[in-house]
Amino acid sequence: MNRLVSPSILSADFGNLHKEIDMLNNSCADWIHLDIMDGVFVPNISFGLPVVKSISRLAAKPLDVHLMIVDPEKYADRFCKAGASILTVQYEACVHLHGMIQQIKSLGMKAGVSLNPHTPVSSVENIINDIDILLIMSVNPGFGGQMFIPKSLDKIRQAKELTVQAGSSALIEVDGGIYLENAGEIYSAGADVLVSGNAVFSAPNPKSYIEKLKHI
Ligand code: DX5
Ligand code: ZN
């Protein structure tokens, strides 16, 4: 069973990014989660390619880039060049999802697909053997610091069942509203990777918080 942690720098101090990335480099975080928001797919704008590029120069861990943007197929190569190791797109933003996954993989990145809270797990039945990561959004995308939607636990169980039944090696990643208080049940439901932003960066000791999340 995997227990990976991918802290989301959306909640980091952007005035001290170097320090924040150093902290993550020295922590037991497995990946660094970067939330890209375009103000169209989600009602918020975060940061873009130049920031990803700067982080990739500092980061000693794989960049787990989560695109909450429309037309992701136009940007995959640029995120690859900027240093993304994993590129996750929103199911709802892709008309040609299979082609999008192929594009990401042909660039040498791991391919992830993310499901909004209203999107059923069955939507990815036909591509579950093509992806490396299935991301279950446990909040509505757009903002850090929201409450975990309890129904997400059922979706994580369904996602796990789907991967087992299909013989898929996709990891199940869960994103939004994750704290030490609910991390245990999220892993138990079948999650392999936990994304955590607000909980990690508002903790008095983020490094030890990450360690606790991983070893809960
Ligand atoms: C929400 C983002 C999340 C967010 C998680 O749109 O995709 O990655 O940063 O943050 P917390 O842990 O604060 O809910
Ligand atoms: Zn995210």
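Strands are taken here as DSSP runs of at least two residues, numbered from the N terminus. In the predicted model, the largest share of the shell around ligand 1 comes from strand S2, which gives three residues. S2 spans residues 32-37. Two other elements, strand S3 (63-68) and strand S8 (193-196), also belong to the set that gives two or more residues to this shell.

The shell as a whole consists of 20 residues, and the closest to ligand 1 are Asp35, Gly142, Gly145, Asp175 and Gly197. By class, eleven of the shell residues are polar, seven are nonpolar and two are charged; glycine is counted as polar in this scheme.

Polar contacts to oxygen atoms of the ligand involve both side-chain and backbone atoms of the protein. From the side chain of aspartate 35, a polar atom lies 2.6 Å from an oxygen atom of ligand 1. The backbone of glycine 142 places an N or O atom 2.7 Å from an oxygen atom of ligand 1. For glycine 197, a polar backbone atom is 2.8 Å from an oxygen atom of the ligand. Ligand 1 has 380 Å² of accessible area on its own, and the protein covers 100% of this area.

The enclosed space was then examined with the protein atoms alone. Rolling a probe the size of a water molecule over the atoms shows where empty space is left. Across the whole structure, the search returns one cavity of 30 Å³ or more. The volume of the largest cavity is about 210 Å³. A total of 25 residues line the largest cavity, and Phe143, Gly144, Gly145, Asp175 and Gly176 are the closest to its centre. Strands S2, S3 and S8, together with helix H7 (198-201), are the elements that give two or more residues to this lining. The lining comprises twelve polar, eleven nonpolar and two charged residues.

The largest cavity is the space taken by ligand 1. Gly145 and Asp175 are named among the residues closest to the ligand and also among the lining residues closest to the cavity centre. S2, S3 and S8 likewise appear both in the ligand shell and in the cavity lining.

Note on methods:
Residues are numbered from 1 along each chain as its sequence is written. Chains are lettered from A and ligands numbered from 1 in the order in which they are written. This is a predicted model: local features need pLDDT of at least 70, side-chain atom pairs count only at pLDDT 80 or more; totals for chains, interfaces and linings use all residues. Side-chain values use heavy atoms; hydrogens and water are left out. A residue is near a molecule or strand if one of its heavy atoms lies within 4 Å of it. A polar contact is a pair of N or O atoms within 3.5 Å; within protein, one must be able to donate a hydrogen and the other to accept it, and residues adjacent in sequence count only if both atoms are side-chain atoms. Accessible areas come from the Shrake-Rupley method with a 1.4 Å probe; for residues, only the protein chains shown count as cover. On a 1 Å grid over the protein atoms alone, a cavity is a set of points where a 1.4 Å probe fits but cannot get out, and a pocket is an open set with protein on both sides within 12 Å along at least five of seven lines; lining residues have an atom within 4 Å of a point. A molecule sits in a cavity or pocket if more than half of its atoms lie within 2 Å of its grid points. Helices (H or I, at least four residues) and strands (E, at least two) are DSSP runs, numbered from the N terminus. Grid points are joined across faces, edges and corners, and a volume is the space filled by probe spheres set on the points.
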